[in-house]
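Trainee: Got a minute to go through this one with me? I'd like to talk about charged pairs and helix packing.

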Amino acid sequence: MFDLILRQCALPDGRGGIDIGIRDGRIVAVEAGLAAAAGEVIDVAGQLVTPPFVDAHFHMDATLSYGLPRVNQSGTLLEGIALWGELKPLLTQDALVERALAYCDWAVAKGLLAIRSHVDVCDPRLLAVEALLHVKEKVRPYLDLQLVAFPQDGVLRAPGALDNLKRALAMGVDVVGGIPHFERTMADGAESVRILCELAAERGLPVDMHCDESDDPLSRHIETLAFHTRRLGLQGRVAGSHLTSMHSMDNYYVSKLLPLIAEAGVAAIANPLINITLQGRHDTYPRRRGMTRVPELLAAGVPVAFGHDCVMDPWYSLGSGDMLEVAAMGLHVAQMTSQDGMRACFAAVTDTPARILGLEGYGIAPGCRADLVVLQAGDPIEALRLRATRLLVLRAGRVIARTPPAIATLDLPGRPGSVDFRQAAGRGH
Ligand SMILES: [Zn+2]
């Protein structure tokens with residue numbers, strides 16, 4: 001006896017006609033023609049059922065603050081950082097919690113059930129840390145929130161930042177962050193990477209640094225991050241976020257760098273929506289795209305995830321928590337339009353970030369958590385093409401969000417009364 005069976009599921013790996021049996025919040029059976037009784041049966045009629053979307057890189061302390069205290073006029077990264085500096089003293093814990101919870105509601109509706117959020121630790125009050133630790137507990141029943149201690153103003157450049165970061169870790173923040181390219185000099189940047197990796201090694205924590213988020217081809221902190229990862233035995237626990245300078249690096253240097261990153265077991269996290277809007281700002285034409293070298297990293301064996309990074313904050317005035325939008329932008333910017341390329345982009349917002357975050361029980365197999373999203377699409381590529389509607393979102397076998405299918409109700413002479421957008425889109429030429 002199951003609590004719930006989802007019948008006729010299409011899975012991201014290409015299997016079709018699969019039934020998923022769920023008991024006590026876990027997946028118990030994944031097979032065609034599952035012959036068993038259940039408290040509830042939902043026939044998904046060949047739609048794609050995937051594990052939930054995962055955002056590997058976000059800033060939940062800044063989200064939904066767009067326009068506070070003013071709008072970013074230049075639209076640049078540096079004005080965004082300055083603007084965030086103006087906003088920080090005005091933040092209150094209640095407002096932070098309220099905005100973060102509102103964003104988590106958006107995320108759930110979009111089937112996004114796991115988020116790694118950086119939290120700025122440069123404010124000695126650590127208001128944002130307290131607020132997001134509170135939010136993490138509050139959303140735990142429906143969303144996995146992982147926090148990174150992020151010294152936005154530079155762990156060496158900002159007075160007291162290292163102590164604040166250590167306090168944040170002691171309070172329960174999960175991951176050590178950093179921002180080496182924002183330190184005063186290249187040497188300070190490299191030193192910050194050493195200090196932070198040693199801190200993570202001492203405490204048995206993962207590392208996720210904003211790394212080389214610029215168009216400067218000589219910003220090579222990823223090399224230092226790979227070096228210390230290997231030296232300290234941190235393989236598999238370290239991610240480099242952004243890595244946009246790699247876009248502008250010399251090809252010979254990159255041919256040496258990629259194997260070093262792979263050897264160190266360092267993962268890469270690109271943020272397509274933000275990279276394409278914030279990088280290349282000092283260019284005339286041709287204007288660089290700025291996103292890191294995603295297909296080349298993948299070919300070298302480096303796991304690559306895509307993050308949303310920002311939604312309606314000092315750096316980005318758009319966004320809705322839709323990881324299909326993130327993946328679609330990623331595949332356009334990286335020109336990953338082959339079938340394999342598009343599937344890799346879907347994995348970059350599902351399986352790959354789940355591995356980077358170390359999520360327990362993620363996937364569609366017996367024993368996994370019954371966290372699932374039913375999409376109005378037949379396969380991952382169609383999901384990307386349509387930014388498919390999340391028909392159902394399940395957490396531990398319980399439906400926690402639902403969106404009606406996109407349907408055109410024409411009701412015109414000679415036209416069918418109702419057209420399923422997905423079927424109509426796939427019909428004929
Ligand atoms: Zn970021």
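Mentor: Sure, we'll take the salt bridges, then a pair of helices. Keep in mind that this is a predicted model.

Trainee: How many salt bridges are there?

Mentor: The count comes to 23 salt bridges.

Trainee: Let's take Lys-88. Which residue does Lys-88 form a salt bridge with?

Mentor: Asp-120. The closest N and O atoms are 2.5 Å apart. This pair links distant parts of the chain, 32 residues apart. Lys-88 is in the loop between α1 (77-87) and α2 (93-109), while Asp-120 is in strand β7 (residues 112-120).

Trainee: Is Lys-88 buried or exposed?

Mentor: Buried, with a relative accessible area of 9%. Asp-120 is buried as well, at 5% relative accessibility. The cut-off for buried is under 20%.

Trainee: What about Arg-390? Which residue is the salt-bridge partner of Arg-390?

Mentor: Asp-322, with 2.3 Å between the closest N and O atoms. Arg-390 lies in strand β15 (residues 390-395), and Asp-322 sits in the loop between β13 (304-306) and α10 (323-333), so the salt bridge ties together parts that are 68 residues apart in sequence.

Trainee: And is Asp-322 buried or exposed?

Mentor: Buried, and so is Arg-390.

Trainee: Now Glu-191 and Arg-194. What distance, N to O, goes with their salt bridge?

Mentor: 2.7 Å. Both residues are in helix α5 (residues 186-203). They are about one helical turn from each other, because they are 3 residues apart in that helix.

Trainee: How accessible are those two?

Mentor: Glu-191 is partly exposed, at 31% relative accessibility. Arg-194 is partly exposed too, at 28%.

Trainee: Which residues are linked in a network of salt bridges?

Mentor: Asp-144, Arg-369, Asp-371 and Arg-395.

Trainee: OK, switching to helices. At what angle do α4 and α5 pack?

Mentor: About 25°, with their axes 12 Å apart. Helix α4 covers residues 161-171. That angle makes α4 roughly parallel to α5.

Trainee: Why does that count as roughly parallel?

Mentor: Because angles under 35 degrees count as roughly parallel.

Trainee: Is the crossing left-handed or right-handed?

Mentor: The crossing of α4 and α5 is right-handed.

Trainee: Which residues meet there?

Mentor: From α4, Leu-162, Leu-165, Lys-166 and Leu-169. From α5, Ile-195, Leu-196, Leu-199 and Arg-203.

Trainee: How do the contact residues divide into nonpolar, polar and charged?

Mentor: The contact of α4 with α5 has 6 nonpolar residues, 2 charged and no polar.

Key:
Residues are numbered from 1 along each chain as its sequence is written. This is a predicted model: local features need pLDDT of at least 70, side-chain atom pairs count only at pLDDT 80 or more; totals for chains, interfaces and linings use all residues. Side-chain values use heavy atoms; hydrogens and water are left out. A salt bridge is a side-chain nitrogen of Lys or Arg within 4 Å of a carboxyl oxygen of Asp or Glu. Helices (H or I, at least four residues) and strands (E, at least two) are DSSP runs, numbered from the N terminus. Buried means under 20% relative accessible area, exposed over 50%, partly exposed in between (1.4 Å probe, protein chains only). Axes are lines fitted to C-alpha atoms, for helices over the stretch in contact, and angles run from 0 to 180 degrees between N-to-C directions. Angles under 35 degrees count as roughly parallel, over 145 as roughly antiparallel, 65 to 115 as roughly perpendicular and the rest as oblique. A crossing is left-handed if the near helix is turned anticlockwise from the far one by less than a right angle, and right-handed if clockwise. Contact means heavy atoms within 4.5 Å. Ala, Val, Leu, Ile, Met, Phe, Trp, Tyr, Cys and Pro count as nonpolar, Asp, Glu, Lys and Arg as charged, and the others, Gly among them, as polar.
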